[in-house]
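Reader: I have a new structure to look at, and I would like to understand the words people use for it. Could you walk me through them?

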Amino acid sequence: MASALRLPLPSLRPQFSASILAPSFCAGSSQLHRVAAHILPSRTKFGVRAMATSASPRKITIKRNGDGATEFDAYVLGDEGAPGIVVLQEWWGVDFEIKNHAATIASNGFRTLIPDLYRGKVGLDAAEAQHLMEGLDWQGAVKDVEASVKWLKENGSSKVGVTGFCMGGALTLASAVLIPQLDAAVAFYGVPDAGLADVSKVKIPVQAHFGELDKFAGFSDVGAAKALEEKLKTSGAPSEVHIYSNVGHAFMNASEEAIKRGKNTGFEEFNKDAVDLAWSRFDTWFKKYLST
């Protein structure tokens, strides 16, 4: 059993109200909120997409075991038949920004699917997000990803990759090891616990992105990135690890609301050049390994 992932919270203490987040949040129980299917416009060269009905994801339900005993909601966007990419949430949950990322990716010729790993719950501050992440069944989350890959392949995508951010980045790497049906992976600032997956055993192409100023030691800091790079080299699979100067954790979050949230959470200033470069590398990687 992998140990629960815990990120250091002292630098993440500032609280922020729901008004700082996307207006699509509505009140829920126990200080948790549900997010509606509302996508804010992306602000990168990779895929600028205006808010429109055509950009809204379709909500589906996936049965993990095929029998309905374990099922979860997911959000699909993009053309049927396009290469598929499972997009994995940050520790916040399926919020406005992970849907921004999925819309950005889909606008560049992919079909995206976001599995709701928290089953509708979203954290509004760092402490709530930490609580939700600590309560996550990581092995179960990998099974959610596997079921999502299966759904995409059964619904028109001949090849499927996985990507994720923060917590989702760690799950991306774990999935790259544990899910043989995957064809490629791109992870952002997150490395899984060794008890969940040994990344040196990955057999598919993996690209990873980290910020030079990331302070989450052992999870997404420069030390973790370099250790990952060495382990990937031993795997024999194609791999790239990129470390970006003058950016920290969650540097890919580009919407106005996410930038404001990042500042309140204590992260570094938004760097558009780093975001554009990372998306360009992402696009090149997946178009190379998911093409048919």
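Author: Below, each term is set beside the value that earns it. Please keep in mind that this is a predicted model.

Reader: What makes up the secondary structure of the protein, and how many helices and strands are there?

Author: The protein has 7 helices and 10 strands. Of its 292 residues, 57% are buried. About 11,800 Å² is exposed, with carbon and sulfur atoms supplying 49% of that area. Among contacts with a separation of 6 or more, 72% are between residues 24 or more positions apart.

Reader: Why is Lys-59 called exposed?

Author: Exposed means over 50% relative accessible area. Lys-59 has 51%, so the word exposed applies to Lys-59.

Reader: How do you know that Lys-59 forms a salt bridge with Asp-73?

Author: The rule asks for a side-chain nitrogen of Lys or Arg within 4 Å of a carboxyl oxygen of Asp or Glu. The closest N and O atoms of Lys-59 and Asp-73 are 3.4 Å apart, so the pair counts as a salt bridge. This pair links distant parts of the chain: Lys-59 is in strand S3 and Asp-73 is in strand S4, 14 residues apart.

Reader: And what is the right word for Asp-73: buried, partly exposed or exposed?

Author: Asp-73 has a relative accessible area of 26%. Buried needs a value under 20% and exposed a value over 50%, so Asp-73 is called partly exposed.

Reader: How many salt bridges are there by this rule?

Author: The count comes to 10.

Reader: What makes Arg-64, Arg-119 and Asp-144 one network?

Author: Let us take the pairs in turn. Arg-64 and Asp-144 meet at 3.0 Å, N to O, which is within the 4 Å limit, so they form a salt bridge. In this pair, Arg-64 sits in the loop between S3 and S4, while Asp-144 belongs to helix H3, 80 residues apart. Asp-144 and Arg-119 come to 2.8 Å, N to O, and therefore also pass the 4 Å test. Arg-119 lies in the loop between strand S6 and helix H2, and Asp-144 in helix H3, so this salt bridge ties together parts 25 residues apart in sequence. Salt bridges with shared partners join the three residues into one network.

Reader: Why is Asp-144 called buried and Arg-119 partly exposed?

Author: Asp-144 has 2% relative accessibility, which is under 20%, so Asp-144 is buried. Arg-119 has 33%, between 20% and 50%, so Arg-119 is partly exposed.

Reader: What about a buried charge with no salt bridge, such as Asp-221? Where is Asp-221 found, and how do you know that no salt bridge is there?

Author: Asp-221 is in the loop between strand S9 and helix H5. The nearest side chain of opposite charge is Lys-226, 10 Å away. A salt bridge needs a distance within 4 Å, so Asp-221 has none. Leaving out residues up to four places away in sequence, Asp-221 touches Asp-214 and Phe-216.

Reader: What makes helix H1 mostly covered?

Author: In helix H1 (residues 96-106), 11 of its 11 residues are buried. Among them are Phe-96, Glu-97, Lys-99 and His-101.

Reader: Why is Ala-129 called buried, and what does Ala-129 touch?

Author: Ala-129, in helix H2, has a relative accessible area of 0%; this is under 20%, so Ala-129 is buried. Beyond its neighbours within four places in sequence, Ala-129 is in contact with Trp-91, Trp-92, Tyr-118 and Gly-123. Ala-129 and Trp-92 are 37 residues apart in sequence, yet 5.0 Å apart in space, C-alpha to C-alpha.

Reader: What makes one space a cavity and another a pocket?

Author: In a cavity a 1.4 Å probe fits but cannot get out, whereas a pocket is open. The structure holds 2 cavities of 30 Å³ or more. The largest cavity has about 190 Å³ of space, and its 18 lining residues include His-249, Gly-262 and Glu-268. The largest pocket has a volume of about 210 Å³. Its lining has 14 residues, including Leu-117, Tyr-118 and Asp-137. H2 and H3 each give two or more residues to that lining, and H3 supplies the largest share, 3 residues.

Terms used:
Residues numbered from 1 in each chain as written. Predicted model: local features only at pLDDT ≥ 70, side-chain atom pairs only at ≥ 80, totals over all residues. Heavy atoms only, no water. Helix = DSSP H or I, 4+ residues; strand = E, 2+ residues; numbered from the N terminus. Buried < 20%, exposed > 50% of the residue type's maximum accessible area, 1.4 Å probe, protein only. Contact = heavy atoms within 4.5 Å. Areas by Shrake-Rupley, 256 points an atom, 1.4 Å probe, with all protein chains shown as cover. Lys, Arg positive; Asp, Glu negative; His and termini not counted. 1 Å grid on protein atoms, 1.4 Å probe; cavity = no way out; pocket = protein on both sides within 12 Å on 5 of 7 lines; lining within 4 Å. Points joined across faces, edges and corners; volume = space filled by probe spheres on them.
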